[in-house]
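Biologist: Could you take me through one part of this model in detail? I'd like a close look at a single strand, its pairing partners and whatever sits around it.

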Amino acid sequence: MTRKAFGLAGIAAALLAAPAFAHHSFAIFDQSKVLYVSGTVKQFELINPHTWLHLAIVNDKGEVSTWSFEGGSVLQLAALGWSKDSFRIDDKVEVGFRPMKDGSRGGQLMNVKLENGQKLCSNRGCGDGTGSTLPPF
């Protein structure tokens, strides 16, 4: 009976852990490069489990589109100096990001350079060899 109970408990633990591993996959981002784009802040969502920075990007034809960049958790970014006041709507920023593999507008947020020159890095470093890499928490 004990072996059966432990076996069932092990199976249950594995099934419950699977979504957590799937959730933390970075497979949708091209980890081989960091691209840079400049735009205007539309919205900054400092929320768990991941923060989001949404920018209005103007292309070479003058057309505006929204790009969305996924960052780390609130605790991770707060430990690196990020706050709800890091960005205001209409702030001009430059974002370093790992692009989506499918080519859609956005990616994994690696760093943000503000107009005053300040650079905020993600919990996975800046993407350019600088910045601290934080463990998940």
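Modeller: Here is a walk around strand β5, followed by the side-chain contacts and the disulfide. Keep in mind that this is a predicted model.

Let's start with the strand itself. β5 covers residues 106–114, and 8 of its 9 residues are buried, so the rest of the structure largely encloses it. As background, side chains in a regular strand alternate between the two faces of the sheet.

Now for the partners. β5 pairs with β3, residues 64–70, in the parallel sense, over 3 bridges. One contact to look up there is serine 68, whose bridge partner in β5 is glycine 106. Glycine 106 is also where β5 begins, given its range of 106–114.

The pairing with β4, residues 92–99, is antiparallel, and 7 bridges join the two strands. If you want a place to zoom in, phenylalanine 97 stands opposite leucine 109 in β5. β4 and β5 make a hairpin with 6 residues between them. In that turn, glycine 103 has a positive phi of about 85°.

Going the other way along the chain, β5 pairs with β6, residues 119–121, again in the antiparallel sense, this time over 3 bridges. Here lysine 113 has lysine 119 of β6 as its bridge partner. These two strands form a hairpin as well, with 4 residues between them. Its turn holds glycine 117, with a positive phi of about 95°. So that's one glycine to check in each turn: glycine 103 between β4 and β5, and glycine 117 between β5 and β6.

Stay on lysine 119 for a moment, as it turns up again in the side-chain contacts. Its side chain meets that of aspartate 128 in a salt bridge, at 2.7 Å from N to O. Lysine 119 counts as partly exposed, at 37% relative accessibility. Aspartate 128 is partly exposed too, with a relative accessible area of 38%. So lysine 119 has two roles in this picture: bridge partner of lysine 113, and salt-bridge partner of aspartate 128.

At residue 121, where β6 ends, you reach the disulfide. Cysteine 121 is joined to cysteine 126, with their sulfur atoms 1.5 Å apart. The torsion about the S-S bond is about 55°, so this disulfide is right-handed. Cysteine 121 is buried at 15% relative accessible area, and cysteine 126 is buried at 1%. A search of the whole structure finds 1 disulfide, and it is this pair.

For context on the charged contacts, the structure holds 3 salt bridges. Besides the one between aspartate 128 and lysine 119, there is a contact between lysine 33 and aspartate 30, at 3.7 Å from N to O. Its two ends sit in different accessibility classes: lysine 33 is partly exposed at 40%, whereas aspartate 30 is buried at 19%. If you check that call, remember that buried means under 20% relative accessible area. The remaining contact is between aspartate 85 and lysine 84, at 3.5 Å from N to O. There, aspartate 85 is partly exposed at 46%, while lysine 84 is exposed at 61%.

To retrace the route on screen, begin at the largely enclosed β5, cross to β3 and β4, then follow the hairpin into β6 and stop at the disulfide between cysteine 121 and cysteine 126.

Notes: Residues numbered from 1 in each chain as written. Predicted model: local features only at pLDDT ≥ 70, side-chain atom pairs only at ≥ 80, totals over all residues. Heavy atoms only, no water. Salt bridge = Lys/Arg side-chain N within 4 Å of Asp/Glu carboxyl O. Buried < 20%, exposed > 50% of the residue type's maximum accessible area, 1.4 Å probe, protein only. Pairing = 2+ DSSP bridges. Disulfide = S-S within 2.5 Å.
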